[in-house]
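Here is a set of short exercises to work through with the model open in your viewer. Try each task before reading its solution.

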Amino acid sequence: MKKILLISDTHGHLDQKIIKYINEVDEVWHAGDIGTTEVVEGISAIKTIRGVYGNIDGHELRSQFPENQIFICEEIKVLMTHIGGYPGRYNARVKNLISKEKPQLYICGHSHILKVIQDPKNKLLHMNPGACGVQGFHQIRTLLRFEINQDKVENLEVLELGRRGETIASGQ
């Protein structure tokens, strides 16, 4: 069993609220728009990070992370990318990847809108954790925590970090 923290759209911001959740999991998955190498260094100093680059990420992050991650966690095939859409509205690139790779879990970011949707047509679970950074149009900073136990996604939780403009430097 693996405990996963799924984040996206940090846009260079990694506060103590996020660090607290990183300490409670086995791996952190970042669905793009990381923003700075300091975010990666902050996470990787604590836990293993898997990620993809996003549209705001420069050459340094693009050299560290691919556009797409396709991997097996426990017994689940995962496809992660930054921009891709959601069930019924995938872009052409992701539609082709899903058809070719047949993942059971498809993850993206970019929209800053938290969504978890079953896609019965493609037999997968779609996750977008929303945005946990302080830049963007989202109102509430969100992320997802879940477990992968063999071939099942279990104990899925939506974690709220507060309003977009609120940050806590004291570590609360």
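Leucine 5 is buried, with a relative accessible area of 0%; buried means under 20% relative accessible area, exposed over 50%, and partly exposed in between (1.4 Å probe, protein chains only). The model is predicted, so to speak of local features a pLDDT of at least 70 is needed, side-chain atom pairs count only at pLDDT 80 or more, and totals for chains, interfaces and linings use all residues. Residues are numbered from 1 along each chain as its sequence is written, and side-chain values use heavy atoms, with hydrogens and water left out.

**Exercise 1. Find what surrounds leucine 5.**

Step 1: place the residue. Leucine 5 belongs to strand β1, residues 2–7; helices (H or I, at least four residues) and strands (E, at least two) are DSSP runs, numbered from the N terminus.

Step 2: list its contacts, meaning heavy atoms within 4.5 Å. Leaving aside neighbours within four places in sequence, leucine 5 touches Ile18, Tyr21, Ile22, Val25, Glu27, Val28, Trp29, Leu143, Leu144, Arg145 and Leu159.

Step 3: compare sequence and space. Glutamate 147 is 142 residues from leucine 5 in sequence, yet their C-alpha atoms are 8.8 Å apart.

**Exercise 2. Which residues have the most contacts inside the largest nonpolar core?**

Step 1: fix the term. A nonpolar core is a set of buried Ala, Val, Leu, Ile, Met, Phe, Trp, Tyr and Cys residues joined through side-chain atoms within 4.5 Å.

Step 2: read off the hubs. The largest such core has 19 residues, and those with the most contacts inside it are Leu5, Ile7, Ile22, Val28, Ile43 and Leu143.

Step 3: trace the suppliers. At least two residues each come from β1, α1 (16–22), α2 (37–44) and β10 (152–163). The largest share, 4 residues, is that of α1.

Step 4: look beyond it. Another core, of 17 residues, lies apart and includes Ala31, Cys73, Leu144 and Ile148.

**Exercise 3. Where do the buried residues of α2 lie around the helix axis?**

Step 1: identify them. Thr37, Val39, Val40 and Ile43 are buried in α2.

Step 2: look down the axis. The buried residues of α2 fall within an arc of 155°, so they line one face of the helix; the arc is that of the directions from the helix axis to the C-beta atoms.

Step 3: see what covers them. The cover includes β1, α1, β2, β3 (48–51) and α3 (59–64).

**Exercise 4. Inspect two residues with positive phi, histidine 11 and aspartate 33.**

Step 1: recall the background. Most residues other than glycine have a negative phi.

Step 2: take histidine 11, whose phi is near 50°. Histidine 11 sits in the loop between β1 and α1 and is buried, at 17% relative accessible area.

Step 3: take aspartate 33, with a phi of about 55°. Aspartate 33 is in the loop between β2 (27–30) and α2, and its 2% relative accessibility makes it buried.

**Exercise 5. How many residues of strand β8 are buried, and which strands pair with it?**

Step 1: count. In β8 (residues 124–129), 6 of 6 residues are buried. Leu124, His126 and Asn128 point one way, while Leu125, Met127 and Pro129 point the other.

Step 2: find the partners; two strands pair if DSSP finds at least two bridges between them. β6 (residues 105–107) pairs with β8 in the parallel sense over 3 bridges, and β7 (residues 114–119) pairs with β8 in the antiparallel sense over 6 bridges.

Step 3: check methionine 127. Isoleucine 107 stands opposite methionine 127, and valine 116 has methionine 127 as its bridge partner in β8.

Step 4: close the hairpin. β7 and β8 have 4 residues between them, and lysine 123 in the turn has a positive phi of about 55°.
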